[in-house]
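User: I have a structure here to go through. Can you take me around it?
Analyst: Sure, go ahead and show it.

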Amino acid sequence: MNSKFILSELITNNILKEDQNDFIRSHNLSMEYSHSGKAFNFFVQDIVNDGRISEIEVKDFLFESLFYGYQRETYIYNIGSYCEKYVEVSNFFDIIRQKYSYVSDGMYNNIVNSVDDNEALVAIKVAYSKDLKRISKVRFIFKKAVSVIRKGGLEKTLSYIPIEWELTRGIIIAKIAPKRRLFDKRLKPEYLNRHFVDELKHLFEMERIPLSNIHKEAICEMSKNLYEQIYQKMVISKPSGLDNLVEDMSNKLKEKLGIEALELKSTINNIFNVEDSLQKQIENILISDILLDVEQGTGLDGIEGVVTYLKFSDGKKISARLKGKECRDPIFDSESYMALRSAIENARQTSRLGVVWLTKFDRLRVCYDATDAECLNIHFYKNLKKEEFEYGLQMYQRFEKCGTEASSKIFDLEARAQ
């Protein structure tokens, strides 16, 4: 006689409610589920035991749901090399079983039965090359017991760490759902992801390629490009004759100020450049007007996103951090950004960048964190869908590939605007 199917809430607590409801709906059981008053895990185990859905369907659902959803902290590593013979189909599982002896095949899934405190590889899905001789992509799900602090003391939870190794693209992507009030601070996402990526590194003799400053340079260019989009829109809409008016005002001010050797002093300190200061102030007003339209949902044409957080260094004198209100509002129209605009334009690296992408997914908030030289951390501010993750990564990769040629020089635009 087959043993009863049991589904623990330690597992389903890691699954989004909307995903749970979609699963129920896909089997036309929404009304019964609602009337039952049962928790999702109990309802599902009952209908499996009644034979109305299969255990395999539940396992597949759990596997796919654990790859996104709460997994808002994502880490991307570049892989330079690995032992080629280990990814041949004839050798791959022997290598896996050196560490995880219980893995049976390329569709191994033991999520349901693994709720103890032991660290484990609970599921794996393998994709093969066209000739079926090599591995082309592997998706792993690791499990780690994590205690969190509650009012009544410590509570055991499970963390799932899905990792995708795309051999053809040469990257590893790890995702983790951050947990609040951790008892052991060593189980934060930035440590957990590295722990399990290191496990794979040792198994397959991988060589990771440190990003060094590549990711800092890429998100720096991303920041400049997004500002350029706003600036270009301002240039096009700027009233005619405005530059001549600024020049006349500048000349009158310089005459009235009567500062000796003003032009010479402006070469030493830009604060003496009266015309430039006036020009930037006028531009700030026009840019603020554009961003006001953007915030109200209009005037989005040609603007992919806005920067809401920026941490940078110009490599010389200035290190700064700028952020909009609650890291949601754009910083391009702030006095701080305008005051540091020259330094930001001359910067080559940005260590952290917050962006709200406007053109897709109803204002997708993302933070690109390049403080770790080994990997790029992309943090999503809401529960994650596959399409949103892929979009956030693609936008970064666009600038990583283009490097410093990702966008036209802002100085060229400013020259045309004069």
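## Working through the model

User: Start with T350. Which residues does T350 touch, leaving out those up to four places away in sequence?
Analyst: T350 touches K216, I219, C220, L310, K311, F312 and A370. Contact here means heavy atoms within 4.5 Å.

User: Where does T350 lie? And is T350 buried or exposed?
Analyst: T350 lies in strand β9, residues 349-357. T350 is buried, with a relative accessible area of 2%. Buried means under 20% relative accessible area, exposed over 50%, and partly exposed in between, with a 1.4 Å probe and protein chains only.

User: Anything to know about the model itself?
Analyst: This is a predicted model, where local features need pLDDT of at least 70, side-chain atom pairs count only at pLDDT 80 or more, and totals for chains, interfaces and linings use all residues. Residues are numbered from 1 along each chain as its sequence is written, and side-chain values use heavy atoms, with hydrogens and water left out.

User: Overall picture, then. How many helices and strands are there?
Analyst: The protein has 15 helices and 11 strands. These are DSSP runs, numbered from the N terminus: helices are H or I, at least four residues, and strands are E, at least two. Of its 418 residues, 49% count as buried. The C-alpha atoms fill a box of roughly 100 × 55 × 45 Å along the principal axes.

User: Next, α5. Which residues of α5 are buried?
Analyst: In α5 (residues 55-65), the buried ones are V58, K59, F61, L62, F63 and S65.

User: What do they pack against?
Analyst: The buried residues of α5 pack against α1 (9-12), α2 (17-26), α4 (40-49), β2 (120-128) and β3.

User: Switching to pockets. What is the volume of the second largest pocket?
Analyst: About 510 Å³. A pocket is an open set of points on a 1 Å grid over the protein atoms alone, where a 1.4 Å probe fits, with protein on both sides within 12 Å along at least five of seven lines. The volume is the space filled by probe spheres set on the points, which are joined across faces, edges and corners.

User: What lines the second largest pocket?
Analyst: There are 17 lining residues, each with an atom within 4 Å of a point. Y70, A177, P178, K179 and R180 lie nearest the centre. The elements giving two or more residues are β3 (135-150) and β4 (153-166). The largest share, 4 residues, comes from β4.

User: Last one: where is F183, and is F183 buried or exposed?
Analyst: F183 sits in the loop between β5 (171-176) and α7 (189-204). F183 is exposed, at 52% relative accessible area.
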